[in-house]
Amino acid sequence: MTIITARIASIILGGCLAASVVSGPVFAVGDDSSTTPVCKKGEIYDQKTKKCVKQQSANVSDENRADYAYSLAKAGRYEEALAMLDTVKDQNTAEVLNYRGYATRKLGRTDEGISYYLQSVKMDPQYAKVREYLGEAYVIKGRLDLAKDQLKSIKAICGTACEEYQDLNAAILDPSKI
């Protein structure tokens, strides 16, 4: 009787473990170190409670909303990312403008993306991530001279070992990597 009880307990425990793995939030896929989970449509990841909550009832900060929008964009959910950015009260931050540029560029609206990137650079010239994405947009446009200018700026900000430098350099060397 104890062997049967042990087997049943191990089956139940295994089922619970499997269920907990599949029911958790999905993490954004990308080459960045984004750790904000991506929730179902209509939800937002609340960094305070560490869970997905309904977007309408969410009382989360602008920073939380911007980070979540970026996670959506990195997961290929560009329209949702733009909609989430629309809910941010302060639209005039380097991060919001950068993430808006990223999502619009990924939707094929490269010139619009560049305009957002340029606004972001004006706000924070030392923001290496926006310079990487601006450089990638220039590569898409065939303006390798301008992309290389961004690469030089990134080198001055964080050197050649930072991810932003390495990613833009790879894109310049092989535009198919964008």
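In which helix is the place of Arg100? In this predicted model, Arg100 belongs to helix α4. The account below starts with the whole chain and then returns to that helix.

**Overall architecture**

The protein chain contains eight helices and four strands. Along the sequence, the elements follow the pattern α-β-β-β-β-α-α-α-α-α-α-α. The chain has 178 residues, and 40% of them are buried. Contacts across the sequence were also examined. Of the contacts between residues at least 6 apart in sequence, 47% join residues at least 24 apart.

**Arg100 and the ring of Tyr116**

Arg100 has a relative accessible area of 10%. The cut-off for a buried residue is under 20%, so Arg100 is buried. Its charged end sits over the ring of Tyr116. The distance from that charged end to the ring centre is 6.0 Å. Tyr116 is also among the contacts of Arg100 when neighbours within four places in sequence are left aside. The other residues in contact with Arg100 on that count are Leu82, Leu85, Asp86 and Gln91.

**Aromatic pairs around Tyr70**

How many aromatic pairs does a search of the whole structure find? The search finds five. A pair of aromatic rings is described by the distance of the centres and the angle of the planes. Two of the pairs are described here, and both involve Tyr70.

The first is formed with Tyr99. The ring centres of Tyr70 and Tyr99 are 4.5 Å apart. Their planes lie at 20°, so this pair is stacked. The pair links distant parts of the chain. Tyr70 is in helix α2, which covers residues 62–74. Tyr99 is in helix α4, which covers residues 94–106. The two tyrosines are 29 residues apart along the chain, yet their C-alpha atoms are separated by 5.8 Å. Both Tyr70 and Tyr99 are buried.

The second is formed with Tyr102. Here the centres of the Tyr70 and Tyr102 rings are 5.9 Å apart. The planes are at 65°, so the pair is edge-to-face. This pair, too, links distant parts of the chain, with Tyr70 in helix α2 and Tyr102 in helix α4. The separation in sequence is 32 residues. Both Tyr70 and Tyr102 are buried. For Tyr70, the relative accessibility is 9%.

These tyrosines belong to a wider group. Tyr70, Tyr99 and Tyr102 form one aromatic cluster together with Tyr117 and Tyr133.

**Helix α8 and its cover**

Helix α8 runs over residues 163–173. Which of its residues are buried? They are Glu164, Tyr165, Asp167, Leu168, Ala171 and Ile172. An α-helix has 3.6 residues a turn, so residues three or four places apart point the same way. What covers the buried residues of α8 includes α6 (128–140) and α7 (144–158).

The packing against α6 can be described by its axes. The axes of α6 and α8 come within 9 Å and cross at roughly 5°. That angle makes α6 roughly parallel to α8. On the α6 side, the meeting residues are Ala128, Lys129, Arg131, Glu132, Gly135, Glu136 and Val139. On the α8 side, they are Glu164, Asp167, Leu168, Ala171 and Ile172.

Glu164 is one of these α8 residues. Is Glu164 buried or exposed? Its relative accessibility is 16%, so Glu164 counts as buried. Residues up to four places away in sequence are not counted among its contacts here. On that basis, Glu164 touches Ala128, Lys129, Glu132, Ile154 and Cys158. Glu164 and Ile154 are 10 residues apart in sequence. In space, their C-alpha atoms are 7.1 Å apart.

**The disulfide**

Cys158, touched by Glu164, also takes part in a disulfide. The structure holds one disulfide. It joins Cys158 to Cys162, with an S to S distance of 2.0 Å. The two cysteines fall into separate accessibility classes. Cys158 is partly exposed, with a relative accessible area of 31%. Cys162 is buried, with a relative accessible area of 13%.

Methods. Residues numbered from 1 in each chain as written. Predicted model: local features only at pLDDT ≥ 70, side-chain atom pairs only at ≥ 80, totals over all residues. Heavy atoms only, no water. Phe/Tyr/Trp six-rings, centres within 6.5 Å; stacked < 30°, edge-to-face > 60°. Helix = DSSP H or I, 4+ residues; strand = E, 2+ residues; numbered from the N terminus. Buried < 20%, exposed > 50% of the residue type's maximum accessible area, 1.4 Å probe, protein only. Lys NZ or Arg CZ within 6 Å of the ring centre and 35° of its normal. Contact = heavy atoms within 4.5 Å. Disulfide = S-S within 2.5 Å. Axes fitted to C-alpha atoms, helices over the stretch in contact; angles between N-to-C directions. Parallel < 35°, antiparallel > 145°, perpendicular 65-115°, else oblique.
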